[in-house]
Amino acid sequence: MPKEKKDLETLLIEEGLITERQLQKAKEKSQKTGEPIQKILISMGFVSNKDIVEVMGKQMGVQFVDLDQMDLDSHLIKLVPEHLCQRYKIIPVTQKENKLVLAMVDPLDILAIDDIRLITGFDIEPVIAMEEAIIKIIVREFGTTELAEVEESVKDISADYGPLEIEEFKEEEISVDRLKELVDEAPIVRMVNMIIAQAINDKASDIHIEPDPKNVKVRYRIDGVLHDVMSPPKHIQAPMVSRIKIMANMDIAERRIPQDGKIHLRHENKEYDLRVSSLPVIHGEKIVMRILDKSSILLGLNKLGFYSEMQNIFEAIVDKPYGMILVTGPTGSGKSTTLYSCLNRLNVGDRNIITVEDPVEYQLPGINQVQVNEKAVRSGI
């Protein structure tokens, strides 16, 4: 018969870290404030964050490591790329033959373990460590990272105008004039810029900003899969969304209908276009930013990963003056890059090329690109 899994509070009592009376006090306060019991136990001084994480490790069946007491090897740490350390909040700590011991905030994150196994070629042994200790090592080993700067911006924003009560918060109640003031403040500008910069560095195809009842979820789509990146507090939602809408020339006063916009920017001497869309959902406005790297369309068909024999066949088909090529695939799979690479191959100056696109993602000199006008199509113009 499988052993019954004990909850965290029971384990804290069994380990002698808290008493039944202390737990009862924490539960009573939790019922009044809505705060998690673990957070209350820490704030009341009954346990430390280290105690909580150590017991969580026992609950999960993994070892706890105190990174502050360890002498870590910089070369070993950098076996894992910086953006993955930031995204999953992980740090390699030791190597045993073909096994890499990985300190993690969430040792049950199978996706993170599989990614690191694939990249390093090692079998992974997860252990649990405190989040603050992992972030401190990431900043120390890789320099001031975008992740650390975003988290600092969130703290600055909270300090500037404080959290709002979740139950009373309604985005419509914030006036447009107040939103305009908030979106121009340095912490909001810095946070939005860093979210975009981090997504580009992680080679994300999309940024999703999704409102939840108690926070805002920021996710990146990388290689077709959405990854949770951060969850800023709810009171940051309105100024963050409005900042993005202003950058995309969208109407911040309109929050009840979907909108589309575009942002043009330069990052590390490369040009990017962000196709932005907003969608009203029950907890606010969801924002999706599609990242379009202008340099990617200039790769050429020979850089897209075709086998040489298949590339020759495909190029022969592209060069024909008749026929149809259908390109399909999920978001971020390379459909647009493939089609624009075909156009670049055909765009040699002696041909008249006209496209019909919805939307026009990249502008190509020498090609007549037509944006579909849905209103005109519906009215029969």
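This is a short walk through one protein model, from its overall make-up to a few of its strands, loops and salt bridges.

Before the details, please keep in mind that this is a predicted model, in which local features need pLDDT of at least 70 and side-chain atom pairs count only at pLDDT 80 or more, while totals for chains, interfaces and linings use all residues. Residues are numbered from 1 along each chain as its sequence is written, and side-chain values use heavy atoms, with hydrogens and water left out.

Let me start with the whole protein. It contains 15 helices and eleven strands, where helices (H or I, at least four residues) and strands (E, at least two) are DSSP runs numbered from the N terminus. Of its 381 residues, 43% count as buried, and by buried I mean under 20% relative accessible area, with exposed being over 50% and partly exposed in between, using a 1.4 Å probe and protein chains only. The accessible surface comes to about 21500 Å², and 51% of that belongs to carbon and sulfur atoms; these areas come from the Shrake-Rupley method with a 1.4 Å probe, and for residues only the protein chains shown count as cover. If we take contacts between residues at least 6 apart in sequence, 54% of them join residues at least 24 apart, a contact being heavy atoms within 4.5 Å.

How many disulfides does the structure hold? There are zero disulfides, a disulfide being a pair of cysteine sulfur atoms within 2.5 Å. Two cysteines can still be mentioned here: Cys 85 is buried, with a relative accessible area of 0%, and Cys 342 is buried as well, at 7%.

Now to strand S4, residues 206-211, which is mostly covered, since six of its six residues are buried. Asp 206, His 208 and Glu 210 point one way from S4, whereas Ile 207, Ile 209 and Pro 211 point the other way. As a general remark, in a regular strand the side chains alternate between the two faces of the sheet.

Which strands are joined to S4? One is strand S5, residues 216-222, which runs antiparallel to S4 and is joined to it by six bridges; two strands pair if DSSP finds at least two bridges between them. S4 and S5 form a hairpin with four residues between them, and the bridge partner of Ile 209 in S5 is Val 218. Another is strand S9, residues 284-293, also antiparallel to S4 and joined to it by four bridges, with His 208 standing opposite Val 288 in S9.

Several charged residues in this region take part in salt bridges, which are defined by a side-chain nitrogen of Lys or Arg within 4 Å of a carboxyl oxygen of Asp or Glu. A search of the whole structure finds 15 of these salt bridges. Glu 210 forms one with Arg 219, the closest N and O atoms being 3.0 Å apart, and both Glu 210 and Arg 219 are buried. Asp 206, Arg 221 and Arg 290 are linked in a network of salt bridges. The side chains of Glu 285 and Lys 245 also meet in a salt bridge, at 3.0 Å from N to O, and this pair links distant parts of the chain, with Glu 285 in strand S9 and Lys 245 in helix H12, 40 residues apart. Both Glu 285 and Lys 245 are buried.

For another setting, consider Asp 114 and Arg 117, whose side chains meet in a salt bridge at 2.7 Å, N to O. Because they are three residues apart in helix H7, residues 110-120, Asp 114 and Arg 117 are separated by about one helical turn. Asp 114 is partly exposed at 37% relative accessibility, and Arg 117 is partly exposed at 34%.

Lys 245 appears again when we turn to Met 250, which lies in the loop between helix H12 (237-247) and strand S7 (259-267). Met 250 is buried, with a relative accessible area of 8%, and, not counting residues up to four places away in sequence, Met 250 touches residues including Lys 245, Val 276 and Ser 278. Met 250 and Ser 278 are 28 residues apart in sequence and 9.2 Å apart in space, C-alpha to C-alpha.

I will finish with helix H13, residues 308-318, where Ile 317 is found. Ile 317 is partly exposed, with a relative accessible area of 40%, while Gln 311, also in helix H13, counts as buried at 13%.
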